[in-house]
Structures are given as structure tokens and as C-alpha cells.
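I set out to look up the salt bridges and to note how exposed their partners are.

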Amino acid sequence: MSEIKQILKELTEADGLGGLTDALDVAESYLSQYASVRRSGLSLIGEIKGDSDFTVLLDAHIDQIGMVVTSVKDGFVRVAAAGGIDRRMLAGMKVTIHASKTIRGVFCSVPPHLGKTDEVAKINEMYIDTGLSQRAEEIISVGDRVTFEQSFSELIGDRVTAKSLDNRAGCAALIRCAELISKKKPPCNVVFLLSDLEELGGRGAAVESYSIYPGEAVAVDVSFGTALDVPASESGTLGKGAMLGISPVLSKNVTDRLKAAAESSKAPFQLEVMGGRTSTNADKITYTRGGVPTGLLSIPLRNMHTPVEVADIKDIESVAVILAEYVNNCKRSQREKSR
């Protein structure tokens, strides 16, 4: 558990947004200990060769939500959102502007004495104060990336809070899975895809799964964690294990074998039922080329798309254990059966 926390700390405190590669560097340093790795665009691909040419793809997106500079004036910066940002918490939030040099700033907050506290401005109407005054235009350019500045913190027990747990938690699960699988040669090839651009439509997973064209795949992402005012029917309980996706767009065969892997490994899990698309990379992977049978495992997450997301390390370990058991039970003939 402590190693997962360290991996997660390093992954969440690094940035990966539209050309920023710090998170990729961290992920590569860990994944390369267990798999042969290469980069494709802003995605990281690792592979562990097995006893057959049947390939299982395990995907988790490594990109994060953030912003892009749209204008600079008198030390104040305006931005556009890159991904779905919860703008309710922006006022007073610290950010990092990845300009010609690293600049830190804060979202301006109108004092409650002067504004209407029940109104939330649109992101493109808000300003970031850099403190640079007239020099800002010399350092910051339109198109520069902006990310939240937030450190990883441990809460009580195995709970942690950080930015970008969506989906660095999934990336940590895949790295831990690679460690478990590497202890002996698996019965099939395993490809680990830490994909880019999920927050902007799943482009990374769509492109890379087309090139890899696996026999089957499992996407790993986060999902809603149960909290006050969050419907229990649409969320998973933190600390109760992986959320196993059930949906018409997912392969029933893959889903059933993920469930069997959870039961045989005694890893805790809970069901997540969806009536249609999953809003994860699984949706993109399923219709790659002639179709790829795909399953989904998710990690319960509170405060999604904020810099203070909360997850439980036990759930990340649960995903890793289930995936390792699933891979170790795969068979070459499953491409036809999975469909």
C-alpha cells in the first residue's frame, strides 16, 4: 500500500496536459521496471510478452483537466477550460502557468461584501492574478497551459487527496498490476496503455487501440464515490473495492471473467450498472477496427474534477489484483469467445 501511495504522490504532483510530459516521465520510470516501454505521441505504452500471441490491452488515461491561456493584460490572465472543470471552487484557487518560465497565480475572488456569493462566474469570465503587472505579456503567451497547484496529502487510514486522481489512480493501478504480472510469464501478451486526451474525447485510446488491435481490453478509470448528497445508486463506496462496470456496450464475457477473477483472488469489488455508454475510454476501444471486446473497472472518487479529489488506496490495489488474476487466466482462443 505504501508503494502505491508513493507512486500516486509523484504522479498527481506531476503535470500532463497538452504537451506537458512530467507525468509521463514519472509513469515511465515506474512502468519500465516491469515492462518494455515506449512513447507514442503523449501516450505511454508498456508490454509484457506472454506465452501466446493473444494480446490483452489494459488502459488508463494519464491526462488531466486544466486550462489554456486566452488573453494576458496588466498581469491578469484569462483562460479557457481544457476538460470539465467544476468552476464552483475556482475563486481563490492557486494555479501554475506553464509559460516561458513557470509562473504561479491565483484565481481572483470578488470580496463577498461587493459581489453576489450565490452566483458562479464562467471560467472565461474569471481572471488569474499573477502579480506581474506590465511584465506579464513578456513571459506569458496565449496558448500556454495552466494547471492547478495542489500537493498530495494523506487523510485518515488509506484515504488520500490530490489533484488529478482522475485518472492517475488508474495509472497507479496499472503500474501495480504490471508488478504483479511480472513475477512470472503470463499466458498472453499484456499491453499497458497510459493514454492521452481522455478528458477531451478519448482520442489517445482511440488512436492507440487501433494500432495495437488487441484480442480484448479492460479500461480503468474513476467513477463517482458515495458522499453526502451523491446518490448511492450512481456511486461506489470508498474502500469497498473496484467498481465492476456492467453495460450493454461492454463485453459480457469479459465482464463475467473480471467478476470471476475478483472472486477467485478474493479482491473486494462492487457493481456499477450503466444503461448505455460508460463515458470512459472503454466506449472508444469497443469499436476499434472490427471491434474489441472490452470490460471496465473503476475506482470510486469523491470531488471529481476538482483539485481536492479523494480516493482510497485499497480500491486501487483491488483493481490491480483483479486485473492480474484476469490476465493470468486468459487464453489464446478468447478473441472469438469474447465477442
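Entry 1. I began with Asp-256, which is partly exposed at a relative accessible area of 38%. The model I am reading is a predicted one.

Entry 2. I looked up the partner of Asp-256 and found a salt bridge to Lys-252, with N to O at 2.8 Å. Lys-252 counts as exposed, at 60% relative accessibility. I noted that both residues lie in helix α6 (residues 252–265), where they are 4 residues apart and therefore separated by about one helical turn.

Entry 3. I then searched the whole structure for such pairs, and the search returned 16 salt bridges.

Entry 4. From the search I took up Arg-104 and Glu-149, whose closest N and O atoms are 2.8 Å apart in a salt bridge. Arg-104 belongs to strand β7 (residues 102–107), whereas Glu-149 sits in the loop between β9 (145–148) and β10 (153–154), so this pair ties together parts 45 residues apart in sequence. I checked the accessibility of Glu-149 and recorded it as partly exposed, with a relative accessible area of 25%.

Entry 5. Next I asked which residues are linked with Asp-312 in a network of salt bridges. They are Asp-158, Arg-159 and Lys-314. Within this network I looked up the salt bridge of Asp-312 with Lys-314, and its closest N and O atoms are 3.2 Å apart.

Entry 6. Is Asp-312 buried or exposed? Its relative accessible area is 2%, so I entered Asp-312 as buried. Lys-314, at 33% relative accessibility, I entered as partly exposed.

Definitions and conventions
Residues numbered from 1 in each chain as written. Predicted model: local features only at pLDDT ≥ 70, side-chain atom pairs only at ≥ 80, totals over all residues. Heavy atoms only, no water. Salt bridge = Lys/Arg side-chain N within 4 Å of Asp/Glu carboxyl O. Helix = DSSP H or I, 4+ residues; strand = E, 2+ residues; numbered from the N terminus. Buried < 20%, exposed > 50% of the residue type's maximum accessible area, 1.4 Å probe, protein only.
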